[in-house]
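Hi,

Here is the structure I promised to pass on. Have a look at it first, and then read on for what turned up.

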Amino acid sequence: MKVVIGLDLGTSALKAVAVDAAGVLVTQAGAAYPTSAPQAGWAEQEPGDWRAAALSALKTLHDALPADVQPLGLALSAQLPTLALLDERGTALRPAIVWYDGRASAEAERFLQRIGAAEWYGRTGIVLDAHYLAPMHAWVARHQPKLLERDPQ
């Protein structure tokens, strides 16, 4: 039996599925991970928790598959936009700022004041607010600048 494996890094859990060539679900598995809220309106997750959840869900999925399975491919999806800053080795520099985190409102407003909401929308196709990567990254640059100054050596 040939299958495609799908992994979805969701808001609260990693979901894994195996689907056959006809699109029929063969089996599924999942593993949850926590979200922390260090302050009101903030939402953070540890990227290491995502990795652990993926490994756990894949192991459970593998163990539930028939012995004759041949994986044909891997499909990935994830919660977006979520800002995960990594060093050159792939180690998280800080907890990821999850898509529904609202801390970067002031940074989003500064972008819009500088560029204009209509121009921003025209260039990007989004109505900019604190839940997008540019404001999140600007928040890190303003409040945790040393994270972005790391020497890659």
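Where is Arg94 found? Before you go hunting, keep in mind that this is a predicted model. Arg94 is in the loop between β5 (70-78) and β6 (96-97).

And is Arg94 buried or exposed? With a relative accessible area of 9%, Arg94 counts as buried, because the cut-off for that is under 20%. Its side chain has a partner, too: a polar contact of 3.0 Å links the side chains of Arg94 and Glu44. Leaving out residues up to four places away in sequence, Arg94 touches Glu44, Pro47, Leu85, Arg103, Trp139, Val140, Gln144 and Leu147.

Now step back to the whole chain. The protein has five helices and six strands. Reading from the N terminus, the order is β-β-β-β-α-β-β-α-α-α-α.

What about the overall dimensions? The C-alpha trace spans about 60 × 35 × 35 Å along its principal axes. The radius of gyration is 19 Å, whereas a compact globule of 153 residues would come in near 15 Å. Of the contacts with a separation of 6 or more, 58% are between residues 24 or more positions apart.

On the surface side, the accessible area of the protein is about 9100 Å², and carbon and sulfur atoms hold 57% of that. Buried residues make up 34% of the 153. As for charges, there are 13 positive and 16 negative ones, and their mean positions lie 4 Å apart.

One more residue to click on is Ala18, which is in strand β2 (residues 13-20). How much of Ala18 is accessible? Its relative accessible area is 0%, so Ala18 is buried, given that the limit is under 20%. Which residues is Ala18 in contact with, once neighbours within four places in sequence are set aside? They are Val3, Val4, Ile5, Val24, Leu25, Val26, Thr27, Leu61 and Leu65. If you want a distance to check on screen, try Ala18 and His62: these two are 44 residues apart along the chain, and their C-alpha atoms are separated by 9.1 Å.

So, if you only have a minute, start with two places: the polar contact between the side chains of Arg94 and Glu44, and Ala18 in strand β2, with its relative accessible area of 0%.

Cheers

Terms used: Residues numbered from 1 in each chain as written. Predicted model: local features only at pLDDT ≥ 70, side-chain atom pairs only at ≥ 80, totals over all residues. Heavy atoms only, no water. Helix = DSSP H or I, 4+ residues; strand = E, 2+ residues; numbered from the N terminus. Rg over C-alpha atoms; globule rule 2.2 N^0.38 Å. Buried < 20%, exposed > 50% of the residue type's maximum accessible area, 1.4 Å probe, protein only. Contact = heavy atoms within 4.5 Å. Areas by Shrake-Rupley, 256 points an atom, 1.4 Å probe, with all protein chains shown as cover. Lys, Arg positive; Asp, Glu negative; His and termini not counted. Charge placed at Lys NZ, Arg CZ, Asp CG, Glu CD. Polar contact = N/O pair within 3.5 Å; in protein donor to acceptor, adjacent residues only side chain to side chain.
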